[in-house]
Amino acid sequence: MPEIFKHNKPFQLENGEFLQELEVSYTTLGKLNQEKSNVIWVCHALTANANPEDWWKGLIGKGKGIDTEKYFVVCANIIGSCYGSINPKSIHPETGEVYGLNFPLFSIRDITKSLELLSGALEIEQIQFLIGGSMGGMQAIEWAIQKPDKIKNLVLLATNARHSSWGIALNETQRMAIEADSTFYENKENAGKKGLEAARAIALLSYRNYNTYRSTQIDLEHTADQYRASSYQKYQGEKLSKRFDAKCYWYLSKAMDSHNVGRNRGDCEKALAKIQAETLVIGIQSDLLFPVEEQEFLAQSISKGKLEVIDSIYGHDGFLIEVEKIKSVLQKHFKL
Ligand SMILES: CC(=O)SCCNC(=O)CCNC(=O)[C@H](O)C(C)(C)COP(=O)(O)OP(=O)(O)OC[C@H]1O[C@@H](n2cnc3c(N)ncnc32)[C@H](O)[C@@H]1OP(=O)(O)O
Ligand SMILES: N[C@@H](CCO)C(=O)O
């Protein structure tokens with residue numbers, strides 16, 4: 001069961017606004033050793049939760065690649081997400097009403113600031129491995145820039161230094177789908193559900209690619225309607241809308257768009273040069289959303305950066321699905 005970290009003081013956001021208080025849901029797996037030198041911190045992506053054993057099955061757990069018998073694994077649900085941390089469905093402490101669309105906009109740096117606060121509360125001064133994919137990688141990069149002495153090893157999967165125009169365009173298109181659902185503006189359970197379904201179906205096109213659909217969704221019969229690819233899109237939309245909230249998704253996608261390590265630091269290269277951690281960047285060859293050239297840029301700009309590229313038919317989502325390949329490159333580079 002996740003635990004809740006409460007920070008009962010105003011939490012200032014990068015844009016100058018405040019959350020009156022902070023709640024961060026987090027999970028720990030394994031035991032912190034006496035020297036506090038066995039911490040692996042996992043940063044999750046857009047729709048995951050604080051339990052990486054749930055969504056990185058096979059990679060994290062007892063006797064797994066990231067062995068919780070050996071390591072103390074921490075993962076926090078990001079602010080804005082509906083898995084236990086403060087989010088648009090939370091109650092505003094002053095009005096006593098649900099925040100809804102009055103929730104402030106927040107950035108990747110604000111998420112990282114909340115993780116730093118939590119790590120302080122857990123008395124973690126050193127992170128042996130900081131690992132994140134996609135939006136989780138954005139947080140990990142930011143944290144490694146802000147606290148270069150704290151992060152010893154950094155593993156970045158399918159992520160970038162600054163969210164691309166292509167990524168922002170895809171997120172805006174998804175928000176347009178959500179906003180086109182008039183229920184989105186209501187403060188009710190399931191508000192914006194149909195819009196969220198359309199948004200997830202749009203997103204899937206960037207998480208996978210032509211070859212993924214060709215291998216998994218080909219119609220064996222020549223039908224004039226009722227295509228497998230169609231029912232797959234609908235199913236995936238419904239699958240997400242059963243477990244996620246449209247407003248949280250809208251806000252998280254805005255946070256993703258804000259990602260730019262170069263903001264107020266000169267440029268991305270200058271910011272990445274601050275990272276001291278031994279860094280492994282893992283790209284997915286078929287990733288349309290965070291293409292390999294973005295991973296090359298990271299590996300080249302981080303002084304102790306190395307690159308591995310994994311082959312996969314799954315495109316961007318390969319960072320969640322290709323567990324065996326990820327395990328093998330981790331073992332090649334680190335004595336885990
Ligand atoms: C609270 C929680 O649920 S936590 C765990 C949730 N996951 C996360 O938070 C992390 C993010 N995870 C993800 O993004 C995804 O789960 C991934 C990328 C890891 C894997 O995606 P999946 O949807 O499982 O894989 P895939 O694209 O192969 O789809 C398989 C599903 O589509 C269904 N499907 C496949 N083809 C079709 C079709 N033509 N028509 C309808 N349904 C189809 C399958 O039956 C299967 O359904 P199931 O998930 O109910 O078993
Ligand atoms: N499939 C991922 C998003 C891609 O990074 C998720 O739902 O969290």
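In the predicted model, Trp-41 stands opposite Leu-130 of strand E9. This pair belongs to the contact between E9 and strand E5 (residues 39-43), where the two strands pair in the parallel sense. Four bridges link E5 and E9. E9 also pairs with strand E10 (residues 151-157). Here six bridges are found, and the strands again run parallel. Within this pairing, Gly-132 of E9 stands opposite Leu-156 of E10. E9 itself spans residues 127-133 and is mostly covered. Of its seven residues, six are buried.

Helix H4 comprises 15 residues, from 165 to 179. The distance from its first C-alpha to its last is 20 Å, close to the 21 Å expected at 1.5 Å a residue. Its buried residues are Gly-167, Leu-170, Asn-171, Gln-174, Arg-175, Ala-177 and Ile-178. Viewed down the helix axis, these buried residues fall within an arc of 155°, so they line one face of H4. An α-helix has 3.6 residues a turn, so residues three or four places apart point the same way. The cover over the buried residues of H4 includes helix H5 (193-207) and helix H8 (246-257). Ser-165 and Ala-169, on the other side of H4, are exposed.

Ligand 2 is surrounded by residues from several parts of the sequence. Ala-45, Leu-46, Thr-47 and Ala-48 are among them. Ser-134 and Met-135 also belong to the shell, as do Tyr-207, His-316 and Asp-317. By class, the shell holds five nonpolar residues, three polar and one charged. The charged residue is Asp-317.

Technical notes
Residues are numbered from 1 along each chain as its sequence is written. Chains are lettered from A and ligands numbered from 1 in the order in which they are written. This is a predicted model: local features need pLDDT of at least 70, side-chain atom pairs count only at pLDDT 80 or more; totals for chains, interfaces and linings use all residues. The expected span of a helix is 1.5 Å times one less than its number of residues. A residue is buried if 20 or more other C-beta atoms lie within 10 Å of its own, exposed if 12 or fewer, and partly exposed in between; C-beta atoms are placed from the backbone. The arc is that of the directions from the helix axis to the C-beta atoms. Two residues are in contact if their C-beta atoms, placed from the backbone, lie within 7 Å. A residue is near a molecule or strand if its C-beta atom, placed from the backbone, lies within 6 Å of it. Two strands pair if DSSP finds at least two bridges between them.
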